[in-house]
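Student: I have a structure open here and I'm new to it. Can you walk me through what there is to see?

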Amino acid sequence: EIYMVQIKNLVIDGNNASLTYDGTRVHYAGISLQNAHDCTIENVEIKKILTGATIALWDTGCFNNVINKNHIHDCGSAITPCDGMYVQGDAVITNNIVEEARDVGILNFGQSVGSVISNNKVYKPLYYGIEVGSDGLNCIVSNNVIDGDGTVLVGINMQDYPGQHQNKVTITGNSIFNIQHQSIYIKYASDIVISNNLIDGNAITQTGIQIDQSVASYSNITISSNIIKRMTDRAIHIDYSRNIVISSNIVEQITGTDGITLAFSNSASITANSVTSIARYGIQLYACNYTTVSSNTSQYTGNSAYK
């Protein structure tokens, strides 16, 4: 157990030291704290850690930690992955800069109850900009800037497995650019609010916001007041959900298929969205029940408004 430790005002240079990576992030790190709680890591520069994670707070005893105003850069390689941060349990992760961490920029994993991930800048990690996984509850991801530089797979990733799920998560005020696949991707989640995000795919990104539940037992999804543009497939794509509100979003320049797609879902309201310059359908419904579509404005380069 490690508690009430403060690590501040340091420079850690790993000098790309060569180690045999055993697949465990936490064994190789610039800072590694096991079962840590009530600790602070602040104003630390960490660079050239070749494998593992630059900051690792790990094991089930981690909670109530603060990671603030750190600069992480140039870590990992194409064959030796390295997370910018690997943090288990609840934490406040704010005002950090993470550049070219060759795995996940910021990973908050393992029963993250009440975590706040805010005002961070993440540039060109290998897989995900920010990831929250494994039974997250009451988490807030807000006001972060993520630039994938055309190579990152997912901007904000919240993906669990059946039996585990995210609950009461808010994703708001983020700016996400140049992602390959999904700017925001969620799987197995209820009580989700995604609002006031700016998502610009720059004709690289496939989908702006995708919620893929696989089974229709997840509910209470709100997607509102986002600006989503220049996608190569869809702006918003939701499968297998209930009690959905999609409102007041601005969607434009979708060159692939649809502006908004809702499939295998029930009890939805799609209102007051502006959908322009769409290749196929502005709003597509497939196998949906008890759904209201109203007061949307649309302009198309392809086919009709609704299916």
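**Salt bridges, rings and strands**

Tutor: Let's begin with charged side chains. By the rule used here, the count comes to six salt bridges. The model is a predicted one.

Student: What meets K8 in a salt bridge?

Tutor: The side chain of E42 does, at 3.8 Å from N to O. E42 sits in strand β5 (residues 40–47) and K8 in strand β2 (residues 6–13), so the pair ties together parts that are 34 residues apart in sequence.

Student: Are those two buried or exposed?

Tutor: Partly exposed is the label for E42, with a relative accessible area of 24%. K8 also counts as partly exposed, at 34% relative accessibility.

Student: Why do such side chains pair at all?

Tutor: Side chains of opposite charge can pair when their charged atoms come close.

Student: OK, what about R230? Which residue does R230 meet in a salt bridge?

Tutor: D200, at 2.8 Å from N to O. R230 belongs to strand β26 (residues 227–231) and D200 to strand β23 (residues 198–200), so this pair ties together parts that are 30 residues apart in sequence.

Student: And how covered are they?

Tutor: D200 is buried, because its relative accessible area is 9% and buried means under 20%. R230 has 30% relative accessibility and counts as partly exposed.

Student: Where does R280 come in?

Tutor: R280 forms a salt bridge with D258, and the closest N and O atoms are 3.0 Å apart. R280 is in the loop between β32 (274–278) and β33 (283–286), while D258 is in the loop between β29 (250–254) and β30 (260–263). The pair links distant parts of the chain, 22 residues apart.

Student: Is D258 buried or exposed?

Tutor: D258 counts as buried, at 0% relative accessibility. R280 is partly exposed, with a relative accessible area of 26%.

Student: Which residues join R280 in a network?

Tutor: D233, R234 and D258. Salt bridges that share partners connect these with R280.

Student: Switching topic. How many aromatic pairs are there?

Tutor: Three, by the rule used here. In one of them, the rings of Y240 and F264 have their centres 4.9 Å apart and their planes at 5 degrees, so the pair is stacked. Y240 is in the loop between β27 (234–239) and β28 (241–247), and F264 is in the loop between β30 and β31 (266–271), 24 residues apart.

Student: Does anything else go with F264?

Tutor: Y286 does. F264 and Y286 form an edge-to-face pair, 5.3 Å centre to centre with 75 degrees between the planes. Y286 lies in strand β33, 22 residues apart from F264. Together, Y240, F264 and Y286 form one aromatic cluster.

Student: How exposed are the rings in that cluster?

Tutor: Y240 counts as partly exposed at 27% relative accessibility. F264 is partly exposed with a relative accessible area of 35%, and Y286 is partly exposed with 47%.

Student: Let's zoom out. How many helices and strands are in the protein chain?

Tutor: Zero helices and 35 strands. Of the 307 residues, 50% count as buried. The chain exposes about 12000 Å², and carbon and sulfur atoms supply 47% of that.

Student: How do the strands go together?

Tutor: One open sheet has 11 strands in the order β3-β6-β9-β12-β15-β18-β21-β24-β27-β30-β33, with parallel pairing. β3 (29–34) and β33 stand at the edges with a single partner strand each, so one side of each is left without a neighbour in the sheet. Neighbouring strands here are turned by 10 degrees against each other on average, direction ignored.

Student: Pick two strands from the middle of that list. How many bridges join β9 to β12?

Tutor: Four, and the two strands run parallel. β9 covers residues 82–88 and β12 covers residues 104–109. V87 stands opposite N108 in β12.

Student: Last one. Where is S195?

Tutor: In strand β22 (residues 189–195). S195 counts as buried, with 9% relative accessibility. Leaving out residues up to four places away in sequence, S195 touches I171, T172, G173, S224 and N226.

Note on methods:
Residues are numbered from 1 along each chain as its sequence is written. This is a predicted model: local features need pLDDT of at least 70, side-chain atom pairs count only at pLDDT 80 or more; totals for chains, interfaces and linings use all residues. Side-chain values use heavy atoms; hydrogens and water are left out. Buried means under 20% relative accessible area, exposed over 50%, partly exposed in between (1.4 Å probe, protein chains only). Accessible areas come from the Shrake-Rupley method with a 1.4 Å probe; for residues, only the protein chains shown count as cover. Contact means heavy atoms within 4.5 Å. A salt bridge is a side-chain nitrogen of Lys or Arg within 4 Å of a carboxyl oxygen of Asp or Glu. Rings of Phe, Tyr and Trp (its six-membered ring) pair if their centres lie within 6.5 Å; planes under 30 degrees apart count as stacked, over 60 as edge-to-face and the rest as tilted. Two strands pair if DSSP finds at least two bridges between them. Axes are lines fitted to C-alpha atoms, for helices over the stretch in contact, and angles run from 0 to 180 degrees between N-to-C directions.
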